[in-house]
Structures are given as C-alpha cells and as structure tokens.
Amino acid sequence: MEHILTAIKEEKLNIPKHVAIIMDGNGRWAKKRNMPRKYGHIQGAKTVEQIIEDGYKMGIEYITVYAFSTENWKRSEDEVSALMKLLQNYLIDCIERSTKNNMQVRIIGDKSGLDSKIVAKIEELEKITQSASGLKFTIAINYGGRDEIRRAVKKIAKEVEAKHIEPEEITEDLINDYLDTAGLPDPDLLIRTSGEERLSNYLPWQLAYTEFYFTDVLWPDFTKEDLLTAIRYYNGRERRFGGV
C-alpha cells in the first residue's frame with residue numbers, strides 16, 4: 001500500500017470522494033477455474049473487503065457497491081439461494097468488522113422483498129454502525145434504480161395527497177430526500193469490472209454527472225493497483241457539470 005500512497009502524493013492525484021462499483025464477473029471468474037458460480041461470489045466478497053480497506057486508506061470517503069439487483073432474482077434458484085446465504089453471512093461478519101474499523105454501513109434497496117433474517121441483520125448492522133466516523137460503506141441489495149425512483153415517487157405522491165407537500169415544492173433536492181441514498185453525495189466515479197459497459201439499472205438518478213471507468217478485470221481479480229488506475233483515469237477527466 002505504501003507505494004500506492006506514494007504515487008498518489010507524487011502525482012498529486014485528486015481522490016474521488018464517492019466511488020460506486022458494479023462488481024461484475026464473479027461467475028465468469030469461477031467458470032475459468034472450473035468451479036461453481038457461488039465460488040466466484042465468495043471470492044468476490046473477499047475482494048470487497050480488501051478494496052474498501054484500500055480505498056479508505058487512499059482517501060475515498062464513500063464506497064457504494066451493487067451486491068444484488070431486483071433483476072438477479074431471475075437467476076437459477078441454486079445461485080439465488082447461495083447468494084442470499086452469502087449475503088446473510090457477510091452481514092453477520094460485517095458487524096464485527098465494521099465496529100473494529102469504525103465503518104458506517106448502510107443498505108439500500110427494497111428490503112420488503114428480503115428474508116426476515118436478512119432484514120434483521122441489516123437493521124442490527126445499521127444501528128450498530130450509525131455513529132461510526134470512518135468510511136461510509138453502502139451495499140445495494142434487492143436494488144433497482146427504476147424501482148427506487150418508483151418508490152420515491154409513490155411516497156411523494158402520498159405526501160401531496162395528504163397536503164404535506166405542494167406540487168410546486170417538488171424539486172430535485174426534495175426528490176433526493178426520498179431516494180434510498182438520501183444524505184449521500186452523488187458518486188464522483190463509477191467503476192464496472194469484467195468488460196461490460198452499461199449501468200444495469202444502477203443508481204440512474206445519482207450517476208447523472210459521474211465519471212465512468214470500465215475495465216476488463218473480473219471482480220475477484222480487482223486489486224488496489226486497479227483502483228489506482230481508475231483514480232488516474234478519473235483525474236484525466238474534466239468535470240464541467242454542464243458548464244463550459
């Protein structure tokens with residue numbers, strides 16, 4: 001890690017405050033090794049832990065990862081079952097790890113579609129880590145960007161119906177307050193691994209002015225050196241936010 005921090009200092013790199021990640025390629029990584037897909041997901045979870053640790057040391061304040069989408073339910077029953085078990089175990093381990101590392105953890109997505117045991121662990125994890133002052137780590141589980149916007153619009157409509165909000169009071173800031181990511185800054189950089197170049201229904205509202213970095217590296221193989229490469233790419237972009 002020392003050489004990474006030295007490079008950041010010598011190159012005077014601007015570190016993105018918030019990095020969003022689509023962790024793609026776990027299944028392909030496992031297939032290349034003649035292993036079941038769930039083995040790739042297990043290795044991918046280990047990569048998450050290393051990257052959030054490395055990212056925080058580099059100066060990243062927020063990391064948001066796409067763990068399970070609303071579309072992932074379409075996968076085979078065996079894979080979905082394995083993913084849910086992995087997520088539950090990860091949440092359990094995350095309680096101890098987050099407390100030790102002073103990390104605040106938040107889960108976004110439609111929790112009503114999750115098993116009650118997973119929801120209970122989510123609530124416990126968020127409660128225990130809510131006052132942590134270190135890395136702000138967000139995990140998207142049963143998350144879909146369009147579904148998030150639909151749920152936000154539904155809540156706002158109920159507020160309008162109850163006369164708590166006037167239609168002309170509906171601003172972008174107000175909509176932000178009703179999204180799962182309320183209170184989080186928009187991502188500065190999106191990283192997607194495994195060579196795919198699409199959003200896959202991930203944070204469509206929040207990524208409006210985000211820089212995108214795509215790499216062929218499969219997620220279980222993604223390292224701090226790859227993260228540094230993404231940050232260098234980010235530094236080569238000029239962010240004008242619609243201005244000149």
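This tour moves through the nonpolar cores, the pockets and the aromatic pairs of the structure. The model is a predicted one.

**Nonpolar cores**

Begin by selecting I21, I63, V105, F137, I139, I191 and L227. These residues touch the most other members of the largest nonpolar core, which comprises 47 residues. Add helix α4, residues 77-101, to the selection: with 8 residues, α4 makes the largest share of this core.

Next, centre the view on I139. Leaving aside residues up to four places away in sequence, I139 touches V65, A67, Y90, V105, R106, I107 and I108. Apart from the largest core lies another one, of 10 residues; A20, I22, I108 and L190 are among them.

**The largest pocket**

Select M23, N26, Y66, A67 and R75. Of the 32 residues that line the largest pocket, these lie nearest its centre. The space in this pocket is about 650 Å³. To display the surrounding elements, show α2 (26-32), α3 (37-58), β2 (62-69), α4 and β4 (136-143), each of which supplies at least two lining residues. Colouring the lining by class gives 15 nonpolar, 9 polar and 8 charged residues.

**The second largest pocket**

Now select K46, E49, Q50, I52, E53, Y56, R97, N101, M103, G134 and L135, which line the second largest pocket. About 190 Å³ of space lies there. Helices α3 and α4 each contribute at least two residues to this lining, and α3 gives the most, with 6 residues. The class composition is 4 nonpolar, 3 polar and 4 charged residues.

**Aromatic pairs**

The whole structure holds 8 aromatic pairs. Select F68 and W73 for an edge-to-face example, with 4.9 Å centre to centre and 75° between the planes. F68 counts as buried because its relative accessible area is 0%, whereas W73, at 36% relative accessibility, is partly exposed.

Proceed to Y213 and Y233, whose pair is tilted: the centres are 5.4 Å apart and the planes form an angle of 50°. This pair links distant parts of the chain, as Y213 belongs to strand β6 (residues 211-214) and Y233 to helix α8 (residues 224-235), 20 residues apart. Y213 has a relative accessible area of 13% and is therefore buried; Y233, with a relative accessibility of 34%, is partly exposed.

Finish by selecting Y66, Y143 and Y202, which form one aromatic cluster. Y66 has already appeared on this tour, among the residues nearest the centre of the largest pocket.

Key: Residues are numbered from 1 along each chain as its sequence is written. This is a predicted model: local features need pLDDT of at least 70, side-chain atom pairs count only at pLDDT 80 or more; totals for chains, interfaces and linings use all residues. Side-chain values use heavy atoms; hydrogens and water are left out. A nonpolar core is a set of buried Ala, Val, Leu, Ile, Met, Phe, Trp, Tyr and Cys residues joined through side-chain atoms within 4.5 Å. Buried means under 20% relative accessible area, exposed over 50%, partly exposed in between (1.4 Å probe, protein chains only). Helices (H or I, at least four residues) and strands (E, at least two) are DSSP runs, numbered from the N terminus. Contact means heavy atoms within 4.5 Å. On a 1 Å grid over the protein atoms alone, a cavity is a set of points where a 1.4 Å probe fits but cannot get out, and a pocket is an open set with protein on both sides within 12 Å along at least five of seven lines; lining residues have an atom within 4 Å of a point. Grid points are joined across faces, edges and corners, and a volume is the space filled by probe spheres set on the points. Ala, Val, Leu, Ile, Met, Phe, Trp, Tyr, Cys and Pro count as nonpolar, Asp, Glu, Lys and Arg as charged, and the others, Gly among them, as polar. Rings of Phe, Tyr and Trp (its six-membered ring) pair if their centres lie within 6.5 Å; planes under 30 degrees apart count as stacked, over 60 as edge-to-face and the rest as tilted.
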